[in-house]
Amino acid sequence: MKIFIDTANISELKKAVDIGICEGCTTNPTLILKEGKDYKKTLKEICSIIKGPVSAETVSLNAEGMVKEGKEFAKIAKNIVVKVPMTQEGMKACRLLTNAGIKVNTTLVFSANQALLAAKAGTYLVSPFIGRLDDIGQTGMDLIREIKQIYTNYGIKTQILVASVRNPIHVKEAALIGADIATIPFKVYEQLFQHSLTDKGIKLFLDDWDKLQKELKK
Ligand code: G3P
C-alpha cells in the first residue's frame with residue numbers, strides 16, 4: 001500500500017520526503033484554507049517536492065467548470081491528478097478529463113455503488129472517506145472491503161485511495177484489506193513510527209552502551 005500525505009503544508013511534506021516515505025500527496029480546499037496561500041502556487045511547490053501523484057481539487061459544480069479547472073491544474077506539473085466530486089456532473093467531467101489524458105481522483109465517495117460508477121467513468125483514483133463514515137456511526141472500513149471486492153470481481157484497475165484517515169488503526173486495516181493507497185494526515189503519519197517499546201528498547205540499549213564504556217575505562 002502506498003503512503004500519501006493528506007496536507008497542503010510544505011514543511012510537513014518536506015519532513016516526510018526527507019524521511020523517504022511519501023509516495024504522493026492529496027489536497028483539498030479545507031487543507032489549503034489552513035495554509036492561507038494561493039492554491040496553484042502551493043500545488044507547484046508541492047509538485048517540485050514530490051514525484052508521485054499530487055491531487056488538486058476542483059470547486060465548480062458543473063462538468064464544464066471542472067474540466068476547465070482540471071485542465072489548468074494539469075498545466076502545473078505532470079504528476080497532478082484532478083479531484084472531482086462524486087456527482088453526475090463530476091462523473092461527466094471525469095470521463096472528459098480522462099479522455100483528454102488527465103488523471104482523475106473521484107472524491108467524496110461514501111458508497112460502493114459510487115465507487116463502481118467512478119471506475120466506469122474512468123477514474124484513476126477513487127477516494128472513499130472512511131473517517132467521516134465513522135463519524136456518523138457507520139464502519140468506514142467496511143466500505144473499503146466492499147470496494148476492494150467489487151474491483152477484484154471485475155478486474156477494475158482504478159486504485160482505491162483510503163481518505164479521511166484519522167488514526168493508525170485505519171492505516172493498518174486499509175493495508176490488511178489491500179487498499180492501493182492511504183492518504184494520511186501528518187499527525188497520524190508520525191504516530192505510525194511510534195511504539196513505547198521501541199523508545200524503551202532504545203533507552204535500555206543506550207544505558208547498557210554507556211555502562212560498557214565505563215567498564216572498559218576501568
Ligand atoms: O483528502 C480528503 C480527506 O482526507 C478529508 O479528511 O478528516 O476532513 O474527513 P477529513
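**Predicted architecture, strand pairing and surface features**

Of the 218 residues in the protein chain, 46% count as buried. The structure is a predicted model, and the features reported below were computed from it. Along the principal axes, the C-alpha atoms of the protein chain fill a box of roughly 80 × 40 × 30 Å. The secondary structure of the chain consists of 11 helices and 8 strands. The accessible surface of the protein chain amounts to about 12,000 Å², and carbon and sulfur atoms contribute 55% of this area. When contacts between residues at least 6 apart in sequence are considered, 56% join residues at least 24 apart.

Strand pairing was examined next, beginning at the N-terminal strand. Strand E1 spans residues 2-6, and 4 of its 5 residues are buried, so the strand is largely enclosed by the rest of the structure. E1 has pairing partners in both E8 and E2. The pairing of E1 with E8 is parallel and comprises 4 bridges; within it, Ile 5 stands opposite Ile 184 of E8. Strand E2 (residues 25-26) also runs parallel to E1, to which it is joined by 2 bridges, and here Asp 6 is placed opposite Thr 26. The connection from E1 to E2 passes through H1, and this β-α-β crossover is right-handed.

Strand E7 (residues 159-162) is covered on both faces. Gln 159 and Leu 161 lie on one side of E7, Ile 160 and Val 162 lie on the other, and all four are buried, that is, under 20% relative accessible area. Strand E6 (residues 125-128) is parallel to E7 and is joined to it by 2 bridges, with Leu 125 opposite Gln 159. Strand E8 (residues 181-184) is likewise parallel to E7, again through 2 bridges, and Leu 161 of E7 stands opposite Ile 181 of E8. From E7 the chain crosses through helix H9 (residues 168-177) to E8 in a right-handed β-α-β crossover. Strand E8 thus pairs with E7 as well as with E1.

A nonpolar patch was identified on the surface. The patch is formed by Ile 19, Ile 21, Leu 192 and Phe 193, which together have about 330 Å² of accessible area. Ile 19 belongs to helix H1, which covers residues 10-19. The relative accessible area of Ile 19 is 47%, so this residue is classed as partly exposed.

Charged side chains were then considered. In general, side chains of opposite charge can pair when their charged atoms come close. The search of the whole structure yields 8 salt bridges. Among them is the pair Glu 72 and Lys 75, whose closest N and O atoms are 2.9 Å apart. Both residues are in helix H4 (residues 63-76), where a spacing of 3 residues corresponds to about one turn of the helix. With a relative accessibility of 35%, Glu 72 is partly exposed, whereas Lys 75, at 62%, is exposed. Glu 72 and Lys 75 also take part, together with Lys 40, in a network of salt bridges.

Another salt bridge connects the side chains of Asp 142 and Arg 145, with an N to O distance of 2.8 Å. Asp 142 and Arg 145 are separated by about one helical turn because they lie 3 residues apart in helix H8 (residues 140-153). Asp 142 is partly exposed at 35% relative accessibility, and Arg 145 is also partly exposed, with a relative accessible area of 41%.

A further salt bridge is found between the side chains of Asp 208 and Lys 211, where the N to O distance is 3.6 Å. Asp 208 and Lys 211 are both located in helix H11 (residues 196-217), and their separation of 3 residues is about one turn of the helix. Asp 208 has a relative accessible area of 37% and is therefore partly exposed.

Key. Residues numbered from 1 in each chain as written. Predicted model: local features only at pLDDT ≥ 70, side-chain atom pairs only at ≥ 80, totals over all residues. Heavy atoms only, no water. Buried < 20%, exposed > 50% of the residue type's maximum accessible area, 1.4 Å probe, protein only. Pairing = 2+ DSSP bridges. Right-handed = clockwise from strand over helix to strand, strands pointing away. Patch = residues over 30% accessible without salt bridge, like charges linked within 9 Å, V, L, I, M, F, W, Y side chains within 5 Å. Areas by Shrake-Rupley, 256 points an atom, 1.4 Å probe, with all protein chains shown as cover. Salt bridge = Lys/Arg side-chain N within 4 Å of Asp/Glu carboxyl O. Contact = heavy atoms within 4.5 Å.
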